[in-house]
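Me: Before I use any of the labels here, I want each one set against its cut-off. Can we go through them in turn?

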Amino acid sequence: MPRTPDGETNIVVLTGAGISAESGIRTFRGDDGLWEGHSLEEVATPYGWAEDRHKVWRFYQQRRSQLPLVEPNAGHLALARLEAAMPNGNFTLITQNVDDLHGRAGSNNPIHMHGELRLLRCEVCGEVGERMEPEHLEESVFVGCDNCENDILRPHIVWFHEMPFELERIDKAVNSADIFLVVGTSGHVYPAAGLLEIARSAGAYCIGVNLEPPLNVELFHEFHQGAAGKILPPLIGEWY
Ligand code: BV8
């Protein structure tokens, strides 16, 4: 498979929490994983939100308030450089992450299939907007809708049992990938984890970069074990 991006090679990248670990954002299933102290059902499902909005809101406000305090790392920056080097824009970045580090590293239009911490959504009128002013980040203060009377906006996050965003666009990109690069994900969460199998059956050359072998490691043509911030710059730096 041609590795050097030319006008033809389609590169598709999928990232998970591991690419943001070196920026100081905790992953989900590591020892200090986010879920510790919180069960999945309590804070990352619509049922948890219906059950105890204050607890879910505090969980997300803590993570939203962390965003201005962290920076993109060498892994995010290496992917942004690769995207900029692709002659015809034959590059798609799909992320499971809800932080804003890919965008801040210079990646244009990352597909946030699980939503974004910066955005809040109104369950009454459907409006979605960025709410990252200091007054929007207070741990126990809900944010109201600008567009209707609703005074409790929810995180614009895909919780478990909710449909991820942009699945059609993702499916199209993955099915036309020549190179599918997967970085920093344990392969636990579907349908994201199923994209590797789709890419492989569609003929992509599949490369994995992860601190530990993920659940679906046997599907990679090439697997690099280690930290994304160390492996990505030299690995993709040879491609252009
Ligand atoms: C859905 C937002 C219906 C929340 C998240 C089969 C098919 C379809 C669905 C399912 C299925 N089986 C089960 C399901 C249901 C469920 C699911 O997958 N459950 C799991 C727990 C089994 N899926 C859903 O509910 C999804 N919706 O199914 O809708 C549907 C039906 C048909 C077709 C489509 C849809 C919704 C899932 C989305 C849930 N929301 N996030 C929030 O963030 O607050 S998921 C959450 O997990 C994060 O987004 C996170 O990114 C994601 C995946 O985790 P990882 O990113 O992999 O993070 P993790 O900690 O696990 O791993 C990090 C890895 O990095 C580790 O391997 C580590 O070794 C490595 N690492 C660490 N440091 C580094 C590193 N690597 C490199 N460098 C480093 N420095």
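Reply: A polar atom of the side chain of H114 lies 3.2 Å from the backbone oxygen of Q96. This is a predicted model, in which local features need pLDDT of at least 70 and side-chain atom pairs count only at pLDDT 80 or more, while totals for chains, interfaces and linings use all residues. Residues are numbered from 1 along each chain as its sequence is written, and side-chain values use heavy atoms, with hydrogens and water left out.

Me: What makes the pair of H114 and Q96 a polar contact?

Reply: A polar contact is a pair of N or O atoms within 3.5 Å; within protein, one must be able to donate a hydrogen and the other to accept it, and residues adjacent in sequence count only if both atoms are side-chain atoms. The separation for H114 and Q96 is 3.2 Å, so the pair falls within the 3.5 Å limit.

Me: Why is H114 called buried?

Reply: Buried means under 20% relative accessible area, exposed over 50%, and partly exposed in between (1.4 Å probe, protein chains only). H114 has 12% relative accessibility and therefore counts as buried. H114 sits in the loop between β3 (111-112) and β4 (115-121), where helices (H or I, at least four residues) and strands (E, at least two) are DSSP runs numbered from the N terminus.

Me: Which atoms of the ligand and H114 are paired, and at what distance?

Reply: An N or O atom in the side chain of H114 is 2.8 Å from an oxygen atom of the ligand. The ligand taken alone exposes 1,500 Å², of which the protein buries 78%; accessible areas come from the Shrake-Rupley method with a 1.4 Å probe, and for residues only the protein chains shown count as cover. E22 also has a polar side-chain atom 2.9 Å from a nitrogen atom of the ligand, while F28 uses a backbone N or O atom, 2.7 Å from a ligand oxygen.

Me: Why does H161 count as exposed, and E166 as partly exposed?

Reply: H161 has 57% relative accessibility and so counts as exposed. E166 is partly exposed because its relative accessible area is 39%. H161 is in the loop between β6 (154-157) and α7 (167-175), and E166 is found in the loop between β6 and α7. Phi is positive in H161, at about 75 degrees, although H161 is not a glycine; for E166, phi is near 55 degrees.

Me: How do you know that the buried residues of α9 line one face?

Reply: In α9 (residues 228-237), the buried residues are A228, G229, I231, L232, L235 and I236. Seen down the axis, they fall within an arc of 160 degrees, so they line one face of the helix. The arc is that of the directions from the helix axis to the C-beta atoms. An α-helix has 3.6 residues a turn, so residues three or four places apart point the same way.

Me: What does I236 touch, leaving out residues up to four places away in sequence?

Reply: I236 touches A78, L79, L82 and L181, contact meaning heavy atoms within 4.5 Å. At 1% relative accessibility, I236 is counted as buried.

Me: Why is N210 called buried?

Reply: N210, in strand β8, has 11% relative accessibility and therefore counts as buried. Its side chain reaches the backbone oxygen of E212 at 2.6 Å.
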